[in-house]
Amino acid sequence: MLSAAGGLGQHLVRLLSRRGARVIGTVSAPGKAAAAEAVGARHVIVRGADPDELTRRVLDLTGGRGVDVVYDGIGKDTFEAGLAALRPRGMSSWSVPPPGPRHRSTRVPRAPRLALPHCPTLVDHATDPEELTARAADVFRWLREGVLKTAIGGCYGFDRAGEAHADLQSGTTTGKLLLQPGH
């Protein structure tokens with residue numbers, strides 16, 4: 001389960017689908033569903049105001065089992081629903097204080113000596129230079145081969161950076177938003 005219409009979400013859906021994963025994508029508006037489906041999301045759920053509805057829909061799609069992994073690009077508004085939709089011992093991309101008793105057993109990455117909450121970053125997953133180099137080479141190869149394609153959702157001049165940020169926060173955009181000088 002993941003947020004599937006943004007720039008990073010689209011890349012992740014493509015890569016997961018390519019590896020055979022059954023991706024349940026979430027989007028903030030009906031108009032974004034086509035973007036998530038186009039990159040390989042098998043199921044797309046439009047998130048509403050009720051996080052429990054999101055959890056119910058995911059559990060329905062998985063026959064009550066829950067998902068193996070939640071990649072949450074939203075955070076506070078979807079975190080609880082994502083945890084509730086995990087299968088027992090599933091994994092979430094976010095690390096936060098331990099879940100309360102209402103949640104299933106989950107594996108949430110722990111931050112090494114950092115104050116919680118902690119969002120895992122590249123250094124949590126690629127711990128040595130050789131691994132980082134190999135992973136970067138994979139990404140560049142996928143870009144050359146067309147496995148990864150970046151959808152550009154909008155271009156803004158530096159003088160419109162505030163507008164770009166507001167558009168991103170509004171949840172109405174898809175793809176990557178670019179800041180470009182002289183645009």
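1. In this predicted model, threonine 78 has a relative accessibility of 10% and therefore counts as buried, since the cut-off for that class is under 20%. Threonine 78 is placed in the loop between β4 and α4. Once its neighbours within four places in sequence are left aside, threonine 78 is in contact with Arg47 and Asp72, and with aspartate 72 there is a polar contact of 2.9 Å that joins the two side chains.

2. The two elements on either side of that loop also contribute to the largest nonpolar core, a set of eleven residues made up of Ile24, Ile45, Leu54, Val58, Val67, Val70, Phe79, Ala81, Leu83, Ala85 and Leu86. At least two residues of this core come from each of α3 (51-61), β4 (67-70) and α4 (79-84), and α4 gives the largest share, namely three residues. Another core, of ten residues, lies apart from this one and includes Ala4, Ala5, Ala33 and Val44.

3. Arginine 22 deserves a separate look. Arginine 22 sits in the loop between α1 (7-18) and β2 (24-27), and its relative accessibility of 40% is why it counts as partly exposed. If residues up to four places away in sequence are not counted, arginine 22 touches Arg42, His43, Leu61 and Thr62.

4. Two of these contacts can be described at the level of polar atoms. The side chain of arginine 22 forms a polar contact of 3.2 Å with the side chain of histidine 43, while a polar atom of the arginine 22 side chain lies 2.4 Å from the backbone oxygen of leucine 61. As for Arg42, the C-alpha atoms of arginine 22 and arginine 42 are separated by 6.2 Å, although the two residues are 20 residues apart along the chain.

5. Helix α6, which covers residues 129-145, can be checked against its expected length. Its 17 residues should span 24 Å at 1.5 Å a residue, and the C-alpha atoms at its ends are 24 Å apart, so the model agrees with the expectation.

6. Both ends of α6 have a local feature that can be inspected in the structure. At the start of the helix, a side-chain oxygen of aspartate 128 comes to within 3.1 Å of the backbone nitrogen of glutamate 130. After the helix comes glycine 146, which has a positive phi, near 85°.

Note on methods:
Residues are numbered from 1 along each chain as its sequence is written. This is a predicted model: local features need pLDDT of at least 70, side-chain atom pairs count only at pLDDT 80 or more; totals for chains, interfaces and linings use all residues. Side-chain values use heavy atoms; hydrogens and water are left out. Helices (H or I, at least four residues) and strands (E, at least two) are DSSP runs, numbered from the N terminus. Buried means under 20% relative accessible area, exposed over 50%, partly exposed in between (1.4 Å probe, protein chains only). Contact means heavy atoms within 4.5 Å. A polar contact is a pair of N or O atoms within 3.5 Å; within protein, one must be able to donate a hydrogen and the other to accept it, and residues adjacent in sequence count only if both atoms are side-chain atoms. The expected span of a helix is 1.5 Å times one less than its number of residues. A nonpolar core is a set of buried Ala, Val, Leu, Ile, Met, Phe, Trp, Tyr and Cys residues joined through side-chain atoms within 4.5 Å.
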